[in-house]
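Take a look at the sequence and the model below. Then read on for a short report.

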Amino acid sequence: MRIPQDGTLASSYALATEIRKTGREYGPADVIFTNKQTIDGDTAKVEPGIAKQRPGLL
C-alpha cells in the first residue's frame, strides 16, 4: 500500500487505522478526543480525515 506524502492524509490514515485496531481489541470507543489544530501545519483537517477514513468511526 502506498501512503501519500500529504501530512494530513497520512496522519488521518494512521490514526484511523490505530483506532480500528484498538476497537477490535477493546471494543468500540464511546468518545475520541482530538486536537483543534496543530502547531506546524495549522490546517485542522486531520479530525475530519479520520472520520472520512471510516464512516461511523467517529
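The report starts with the whole chain, moves to the helices and ends with single residues.

**The whole chain**

This model is predicted. The protein has 58 residues, and 17% of them count as buried. Its secondary structure comes to two helices and zero strands. The surface exposed by the protein is about 4800 Å². Carbon and sulfur atoms supply 55% of that area. Now consider contacts between residues at least 6 apart in sequence. Of these, 64% join residues at least 24 apart.

**How the helices pack**

Helix α1 covers residues 7–26, and helix α2 covers residues 46–53. Their axes lie 8 Å apart. The angle between the two helices is about 55°. Are they parallel, perpendicular or oblique to each other? Angles of 65 to 115 degrees count as roughly perpendicular, and angles under 35 degrees as roughly parallel. The helices α1 and α2 are therefore oblique. Their crossing is right-handed.

Which residues meet where α1 and α2 touch? From α1 come Thr 8, Leu 9, Ser 11, Ser 12, Tyr 13, Leu 15, Ala 16, Ile 19 and Arg 20. From α2 come Val 46, Gly 49, Ile 50 and Gln 53. Sorted by class, this contact has seven nonpolar, five polar and one charged residues.

**Four residues up close**

Start with Ser 12, which is found in helix α1. Is Ser 12 buried or exposed? Residues under 20% relative accessible area count as buried. Ser 12 has 1% relative accessibility, so Ser 12 is buried. Leave out residues up to four places away in sequence, and Ser 12 touches Lys 45, Val 46, Gly 49, Ile 50 and Gln 53.

Val 46 sits in helix α2. Its relative accessibility is 17%, so Val 46 also counts as buried. Which residues does Val 46 contact, leaving aside neighbours within four places in sequence? They are Thr 8, Ser 11, Ser 12 and Leu 15.

Leu 9 belongs to helix α1. Leu 9 is partly exposed, because its relative accessibility is 37%. Leu 9 is also one of the α1 residues that meet α2.

Ala 29 lies in the loop between α1 and α2. With a relative accessible area of 48%, Ala 29 is partly exposed.

**Pairs in sequence and in space**

How many residues separate Leu 9 and Gly 49 along the chain? The table gives that value, along with two other pairs. Distances run from C-alpha to C-alpha.

| Pair | Apart in sequence | Apart in space |
|---|---|---|
| Val 46 and Ser 11 | 35 residues | 6.6 Å |
| Leu 9 and Gly 49 | 40 residues | 6.6 Å |
| Ala 29 and Ile 19 | 10 residues | 8.3 Å |

Val 46 and Ser 11 are also in contact. Leu 9 and Gly 49 both take part where α1 meets α2. In the third pair, Ala 29 is the loop residue, and Ile 19 is among the α1 residues that meet α2.

Definitions and conventions
Residues numbered from 1 in each chain as written. Predicted model: local features only at pLDDT ≥ 70, side-chain atom pairs only at ≥ 80, totals over all residues. Heavy atoms only, no water. Axes fitted to C-alpha atoms, helices over the stretch in contact; angles between N-to-C directions. Helix = DSSP H or I, 4+ residues; strand = E, 2+ residues; numbered from the N terminus. Parallel < 35°, antiparallel > 145°, perpendicular 65-115°, else oblique. Left-handed = near helix turned anticlockwise from the far one by under 90°. Contact = heavy atoms within 4.5 Å. Nonpolar A, V, L, I, M, F, W, Y, C, P; charged D, E, K, R; others polar. Buried < 20%, exposed > 50% of the residue type's maximum accessible area, 1.4 Å probe, protein only. Areas by Shrake-Rupley, 256 points an atom, 1.4 Å probe, with all protein chains shown as cover.
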